[in-house]
Amino acid sequence: MICLIYIYVFIRCPGRLSMANFTFQDFQRLSADPDAYSALRAESKYIQSSPKIISLPCRLQFVRNVKGYFYLGFIVFTWAYNTYIVPEIILLPQYYEGNIGLVPVLCYYAVSLFTVVALFRSVTCDPGRLPFDLKPTSHDQLNWTHCQRCLIQRPLKSHHCSKCQRCIRKMDHHCHWINNCVAEDNQWLFILLVLYAAILSIYTLVLDTLHFYYLPACQTCDSTSFIVKHQRYFMYVSFVLGIILTSLAGTQVLQQTINIITNLSTVESIIHARKPIHERPAVIPRSAYDSFREVCGPGPILWWFNPFRRHSAKPEIYYYQHTV
Ligand SMILES: [Zn+2]
Ligand SMILES: [Zn+2]
């Protein structure tokens, strides 16, 4: 699945990825050509005058992208469908008839709540967008790369997102499923989202299977109600949605774990994969704890699983600090 995604991105965005190697020296060379430079200025002005980011109250932000609306709508529908149908058909009737305890019911609602909180915050937060008037120090200029679209210099590991039309600090990738970039300030939320979504969808598949093969039929349910009459078909849809979400979320849990431990973003992995093996930078081994601590923040490990907490990025490594 990951290889297929890489191949897809290679085919779709070769030009965008080549910009990641655009240095300040490249920019100075290009600036010497008046025609090329005026074209860059015109494109940069267009990007700044037609922002893709919609600002909402309470510091919430949303990316204007029709494709993203479709993918995000599917995720929200899947969550809402299973959160309503599974308790309505399986959990609550079986609990009222004494076939299961209260704990499985509360666990299902808790995981569902954690999933939707992580989803809402991943979608609406600023993942680490760099301002258009960014002014680095002279020391920064030596190491920072240059964006030929925003015409700014930016910290290492920043990349330009063509969907958001902005440079993003420590960008991992733009995710259509959350209609937002995954980057320095929301990667921890994205990891929680895919983790809880995977748990929720696997839990749903287990309950659906138990409903079909193990749990007794509901005796006290109103057999004339629409949901009870058509529960078999509702369960089929729930099962299919559960399989799709398990595949999507499970793939991302694996991908993000590899990215964090190797300290390589998805974008960097794609760029490095295009180079000969001897030109690829060596992966510096780090412990899993140190790797996840850098992304998830300080505090006990259990605290990392809390999607309600506030989290600050590490200011000594990356230039800007924002609290999400
Ligand atoms: Zn840019
Ligand atoms: Zn983006």
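**Zinc sites, aromatic contacts and cavities in a predicted model**

The zinc ion (ligand 2) is held by four protein donors, Cys 161 (SG), Cys 164 (SG), His 174 (ND1) and Cys 181 (SG), which lie 2.1 to 2.2 Å from the ion; donors are N, O and S atoms within 2.8 Å of the metal (3.2 Å for Na, K and Ca), and sites may look incomplete because water is not among the atoms. The model is a predicted one, in which local features need pLDDT of at least 70 and side-chain atom pairs count only at pLDDT 80 or more, whereas totals for chains, interfaces and linings use all residues. Residues are numbered from 1 along each chain as its sequence is written, chains are lettered from A and ligands numbered from 1 in the order in which they are written, and side-chain values use heavy atoms, with hydrogens and water left out.

The angles among the four donor atoms of ligand 2 run from 101 to 118°, and the site is tetrahedral, a class that requires all angles of four donors to lie between 85 and 135 degrees. Along the sequence, the donor residues of this zinc ion follow the spacing C-x2-C-x9-H-x6-C. Both His 174 and Cys 181 are buried, that is, under 20% relative accessible area, with exposed meaning over 50% and partly exposed in between (1.4 Å probe, protein chains only).

The zinc ion (ligand 1) is coordinated at 2.1 to 2.3 Å by Cys 147 (SG), Cys 150 (SG), His 160 (ND1) and Cys 167 (SG). Its four donor atoms subtend angles of 98 to 127°, and this site is tetrahedral, while its donors are spaced C-x2-C-x9-H-x6-C along the chain. Cys 147 is buried, with a relative accessible area of 1%, and Cys 150, at 2%, is buried as well.

The whole structure contains 15 aromatic pairs, defined by ring centres of Phe, Tyr and Trp (its six-membered ring) within 6.5 Å, with planes under 30 degrees apart counted as stacked, over 60 as edge-to-face and the rest as tilted. One of these, between Phe 114 and Tyr 196, is tilted, with 5.2 Å from centre to centre and 55° between the planes. This pair links distant parts of the chain, since Phe 114 lies in helix H6 (residues 102-124) and Tyr 196 in helix H8 (residues 187-213), 82 residues apart; helices are DSSP runs (H or I) of at least four residues, numbered from the N terminus. Phe 114 is partly exposed because its relative accessibility is 26%, whereas Tyr 196, at 7%, is buried. Phe 114 also forms an edge-to-face pair with Phe 308, at 6.0 Å centre to centre and 75° between the planes. Here Phe 308 belongs to the segment after helix H12 (288-296), and the two residues are 194 apart. Elsewhere, ring pairs join Phe 70, Tyr 71, Phe 74 and Trp 177 into a cluster.

Four cavities of 30 Å³ or more are present, a cavity being a set of points, on a 1 Å grid over the protein atoms alone, where a 1.4 Å probe fits but cannot get out, with lining residues having an atom within 4 Å of a point. The largest cavity has a volume of about 130 Å³, the volume being the space filled by probe spheres set on the points, which are joined across faces, edges and corners. Of its 15 lining residues, Lys 170, Gln 187, Asn 259, Asn 263 and Leu 264 are the closest to its centre.

Technical notes. Four donors count as tetrahedral if all angles lie between 85 and 135 degrees; four count as square planar and six as octahedral if opposite donors are over 155 degrees apart and all others between 65 and 115; anything else is irregular. On a 1 Å grid over the protein atoms alone, a cavity is a set of points where a 1.4 Å probe fits but cannot get out, and a pocket is an open set with protein on both sides within 12 Å along at least five of seven lines; lining residues have an atom within 4 Å of a point.
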